[in-house]
Amino acid sequence: MSLKKLQLKTIDYKAALTMCFLFFFNSVISAQEIIKDVVAEKPAETVHGKQKIDGIIATVGDYIVLDSDIDKGYLEIASQGGNIKDITRCQMLGKLLEDKLYAHQAIQDSIIVSDAEVRGMMEERLNYMIQQVGDINKVVEYYKKSSVEEFKTYFADILKEQKLASEMRDKIVKDVEITPEEVRNFFKKIPKDELPTFGAEMEVAQIVAEPKVSKEDKQKVIDRLNAIRKDVLEGSSFATKAVLYSQDPGSAPNGGYYKMTRKTPFVKEFKDVAFSLQEGEISQPFETTFGFHIIMVDKIKGQEVELRHILIAPVVSESALKEAKERAANIRAKIVSKQITFAEAARTESDEKETRANGGTLINPNTQDTRFELTKMDPTLYGQVSNLKDDEISQPLLNTDDKGKKTYKLITVTNRIDEHTADYAKDYTKIKELALKEKQINAIAKWFDTKIKDTYIKIIGEYRDCTFANNWLKK
């Protein structure tokens, strides 16, 4: 397969995932319905001066697709600023059919989406919607529902179907791995005139100085969490307390909810506590690098735990911040005067465990390697390093993370890579990613070929004339 074809397929795959994300505001993925013998039709909006009749245009297992689902898909992509000019109705239908087959097969494979998960997703989505429009009643009106409860029931079905589809996709590709030999063969098959060009990149290292929190300030947080724990034990809602008080932006909006296994990338201290609790049990306050937590376990399913947690970080005093800045400045002075190298200082004096061992070198969270492509770099980080010369070290920079934690850091650029044509040795990580993506796409395509044959699928009307990427018409 040529790289151009791979890139097109990769773009299509990513576009499909993006489209799925955009659709969560609307009913592009219809609520689950059992197929009926009689197709109920109802008048829809007037389109191009003609009366358009809405109705079932396709069935996949126990799921249906309405003609209006396609129109809603266009509206939603457009409302998010997407370009719908080149998306045909057949392509939109093909994407909807994929989602239905994923969800249908998830049920056949006994993939379970719990009510707690759906509630967590619901709270998160609703909070986002309300932030956008200011009033839940406007959301209800937009979806043409008569009450908040009716809308929640309707939307819960949509979210459950989306989650089933997502779990099914993950199941298909989770065991797909790529060997070095496969990566090498993939690269060899790319014609020289089709080799990709990678943009300018840099490698960055940092030293972090954390303000020291006093024992008194820590105890204040512990006492506060103990008071919350006592309220919950006496009957208060843990989820409500999490929404009100937790400082974890990733879980607070949905009541502190997380689902995790021992392989989930949480810090060790958090996982140790989470897997030591029984269902319904609430932990004592404990500390991680993020602050202090309490955890309540909702459900244990084999190796998987559904839990809620509350995070509160101690307040850092101005004097502690000043001391951290002075410590960073002293470290910088020692590096500039050649008393110690940046890497040595990072190993011995940085407070950031994640980068300390490798001399402060940052890992790109998107690629998991050490390179940052300039055009894709986080704007804040780019602003901090873009004007640094080779071997130059920044002044102490105040950094506030997404949880509000403040630190001072020193940054330096350790390597610069100019824009270049793909090189197997230099760009192995990126080439491996492309090779793995191709293998995953092939695994998904093979899965579709098999499941389409074994599943009841019916497409009616003008859509039978569509040319689909998958064999939905079973010709």
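Which residue forms a salt bridge with K218? That would be E287, with the closest N and O atoms 3.4 Å apart. Keep in mind that this is a predicted model. The E287–K218 pair ties together distant parts of the chain: E287 sits in strand β8 (residues 286-288) and K218 in helix α8 (residues 215-233), 69 residues apart. As for solvent, E287 is partly exposed, at 40% relative accessible area, and K218 is partly exposed too, at 28%.

**More on salt bridges**

The count comes to 28 salt bridges. One of them joins the side chains of E167 and K259, at 3.6 Å from N to O. Here again distant parts of the chain get linked, with E167 in helix α6 and K259 in strand β7 (residues 257-260), 92 residues apart. E167 has a relative accessible area of 22%, so it counts as partly exposed rather than buried, the cut-off for buried being under 20%. K259 is partly exposed as well, at 24%.

E181 and R184 make a local bridge instead: both lie in helix α7 (residues 180-188), three residues apart, or about one turn of the helix. Their side chains meet at 2.1 Å, N to O. Both ends are partly exposed, E181 at 40% relative accessibility and R184 at 31%.

Here are the three bridges side by side:

| Salt bridge | N to O distance | Where the residues lie |
|---|---|---|
| E287 and K218 | 3.4 Å | strand β8 and helix α8 |
| E167 and K259 | 3.6 Å | helix α6 and strand β7 |
| E181 and R184 | 2.1 Å | both in helix α7 |

What about bridges with shared partners? E117, K163, E167 and K259 are joined into one network that way.

**Rings**

On the aromatic side, the structure holds eleven aromatic pairs. Among them is F151 with F155, whose ring centres are 5.2 Å apart with 20° between the planes. This pair is stacked because planes under 30 degrees apart count as such. F151 and F155 both belong to helix α6 (residues 148-173), where they are four residues apart, about one turn of the helix. Both rings' residues, F151 and F155, are buried. Elsewhere, Y102, W447, F448 and W472 form one aromatic cluster.

Then there are lysines sitting over rings. K145 lies over the face of Y154, at 4.1 Å from the ring centre. K430 does likewise with F198, at 5.6 Å from the ring centre.

Key: Residues are numbered from 1 along each chain as its sequence is written. This is a predicted model: local features need pLDDT of at least 70, side-chain atom pairs count only at pLDDT 80 or more; totals for chains, interfaces and linings use all residues. Side-chain values use heavy atoms; hydrogens and water are left out. Rings of Phe, Tyr and Trp (its six-membered ring) pair if their centres lie within 6.5 Å; planes under 30 degrees apart count as stacked, over 60 as edge-to-face and the rest as tilted. Helices (H or I, at least four residues) and strands (E, at least two) are DSSP runs, numbered from the N terminus. Buried means under 20% relative accessible area, exposed over 50%, partly exposed in between (1.4 Å probe, protein chains only). A charge sits over a ring if NZ of Lys or CZ of Arg is within 6 Å of the ring centre and within 35 degrees of the ring normal. A salt bridge is a side-chain nitrogen of Lys or Arg within 4 Å of a carboxyl oxygen of Asp or Glu.
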